Amino acid sequence: MFVLLIDMEVVTLNNTSKIINQAYNESRKSLLENEAKTICAEYGIPVTKFELSKTCQETIIAAQQIGFPIVLKIVSPDIIHKSDSGGVKLNLRSTSEVEKAFKEIMKNVKKYDKSARIIGVLVQEMAKPAIEVIVGAIKDPQFGQTLMFGLGGIFVEILKDVTFRVAPIMKEDAAEMISEVKAYPLLKGYRNTPPADINSLTKLLINTSRLIIENPEIKELDLNPVIVYEKGLKVVDARIILE
Ligand code: ADP
Ligand code: MG
């Protein structure tokens with residue numbers, strides 16, 4: 001907790017407000033992945049374990065602490081689509097693979113945008129594969145903060161099988177959002193695919209609703225993908241854009 005004294009009135013700022021204020025102070029509208037994930041975690045949204053590192057040596061130590069296999073991702077205020085820049089390396093299984101991937105990321109990103117400011121890399125646990133969903137939020141000029149839900153990949157990109165609700169939402173609304181997408185039967189389990197944890201998914205939507213309602217500076221939020229297991233779920237990538 002961080003305390004500011006303004007006109008004798010005590011205002012306490014949580015991590016979320018601190019991160020948002022810092023971004024504004026640095027004239028940044030797009031939060032870094034580690035910042036977006038810290039905010040998510042503060043709202044009870046499970047994210048992949050992560051650590052920010054600056055050097056190759058720090059990256060190796062962080063990888064050993066988190067445990068293999070791990071993922072490395074570029075952290076730069078100038079790079080929004082990390083994969084497009086060659087800034088994402090998945091499933092790294094040893095110290096030597098981490099060292100090689102770190103160097104490749106730096107080389108790729110510099111080639112992609114030579115003026116990009118590089119803060120470091122985000123070392124994170126490699127989430128096991130399962131069914132993928134996306135949760136989004138946009139500030140609609142007419143309706144205000146609006147939530148979106150759908151299954152990942154072709155379901156959202158090609159079939160546009162998504163659903164919307166104006167925030168804040170209640171548990172019943174969240175349950176409805178989940179069950180009304182056409183791909184819902186996939187979440188309930190299909191052939192060899194186990195059912196996804198609908199209860200955790202419901203909580204995820206409610207917590208995301210609370211996050212955007214309590215932080216009206218958020219213009220866009222994108223949790224994509226979220227991997228949903230039989231028990232629990234994990235946000236693998238989080239993007240937040242401020243007004
Ligand atoms: P961006 O969307 O900026 O290109 P992402 O962080 O979404 O970057 O990474 C690209 C893809 O890599 C994701 O869509 C996901 O499939 C995979 N991925 C990223 N992070 C992880 C992780 N921690 N565990 C497993 N897969 C991951
Ligand atoms: Mg992504």
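1. Which residues does Thr16 touch, not counting those up to four places away in sequence? They are Ile39, Glu42, Tyr43 and Asn215. This is a predicted model, and the contacts of Thr16 are a handy way into it. Thr16 sits in helix 1, which spans residues 15–25. Its relative accessible area is 0%. The cut-off for a buried residue is under 20%, so Thr16 counts as buried.

2. Now the overall build. The protein chain holds 8 helices and 12 strands. Its radius of gyration is 19 Å, close to the 18 Å that the globule rule gives for 243 residues, so the chain is as compact as a globular protein of that length. Taken along the principal axes, the C-alpha atoms fill a box of roughly 60 × 50 × 30 Å.

3. Next, burial and surface. Of the 243 residues, 46% count as buried. The accessible surface of the chain comes to about 13000 Å². Carbon and sulfur atoms account for 54% of that surface.

4. How do the contacts spread along the sequence? Take the contacts with a separation of 6 or more: 61% of them join residues 24 or more positions apart. Leu211 and Ile39 are one pair to look at. They are 172 residues apart in sequence, yet their C-alpha atoms are 8.3 Å apart in space. Leu211 touches Ile39.

5. Charges are quickly described. The chain has 31 positive and 31 negative side chains. The centres of the two sets lie 6 Å apart.

6. Back to helix 1. Thr16 has buried company there: Ser17, Ile19, Ile20 and Ala23 are buried as well. Seen down the helix axis, the buried residues of helix 1 fall within an arc of 160 degrees, so they line one face of the helix. There is a general reason to expect such a pattern. An α-helix has 3.6 residues a turn, so residues three or four places apart point the same way. After helix 1 comes Ser27, with a positive phi near 55 degrees.

7. Helix 6 covers residues 171–180, and its buried residues are Ala174, Met177 and Ile178. Viewed down the axis of helix 6, they fall within an arc of 95 degrees, so they line one face of the helix. What do these buried residues pack against? Their partners are strand 8 (144–151), strand 9 (162–166), helix 7 (184–187) and helix 8 (198–214).

8. Leu211 belongs to helix 8. Is Leu211 buried or exposed? It is buried, with a relative accessible area of 0%. Leaving aside residues up to four places away in sequence, Leu211 touches Ile39, Cys40, Tyr43, Ile45, Ile218 and Leu221. Ile39 and Tyr43 also appear among the contacts of Thr16. Through these two residues, the surroundings of Thr16 and Leu211 can be read together.

9. Val98 lies in helix 4, residues 95–112. Val98 is buried, and its relative accessible area is 0%. Its contacts, again without residues up to four places away in sequence, are Thr59, Ile60, Ala63, Phe68, Ile70, Leu72 and Leu92. Where does Ile118 stand relative to Val98? The two are 20 residues apart along the chain, and their C-alpha atoms are separated by 18 Å.

How values were computed. Residues are numbered from 1 along each chain as its sequence is written. Chains are lettered from A and ligands numbered from 1 in the order in which they are written. This is a predicted model: local features need pLDDT of at least 70, side-chain atom pairs count only at pLDDT 80 or more; totals for chains, interfaces and linings use all residues. Side-chain values use heavy atoms; hydrogens and water are left out. Helices (H or I, at least four residues) and strands (E, at least two) are DSSP runs, numbered from the N terminus. The radius of gyration is taken over C-alpha atoms; the globule rule is 2.2 Å times the number of residues to the power 0.38. Buried means under 20% relative accessible area, exposed over 50%, partly exposed in between (1.4 Å probe, protein chains only). Contact means heavy atoms within 4.5 Å. Accessible areas come from the Shrake-Rupley method with a 1.4 Å probe; for residues, only the protein chains shown count as cover. Lys and Arg count as positive and Asp and Glu as negative; His and the chain ends are not counted. The place of a charge is taken as NZ of Lys, CZ of Arg, CG of Asp or CD of Glu. The arc is that of the directions from the helix axis to the C-beta atoms.
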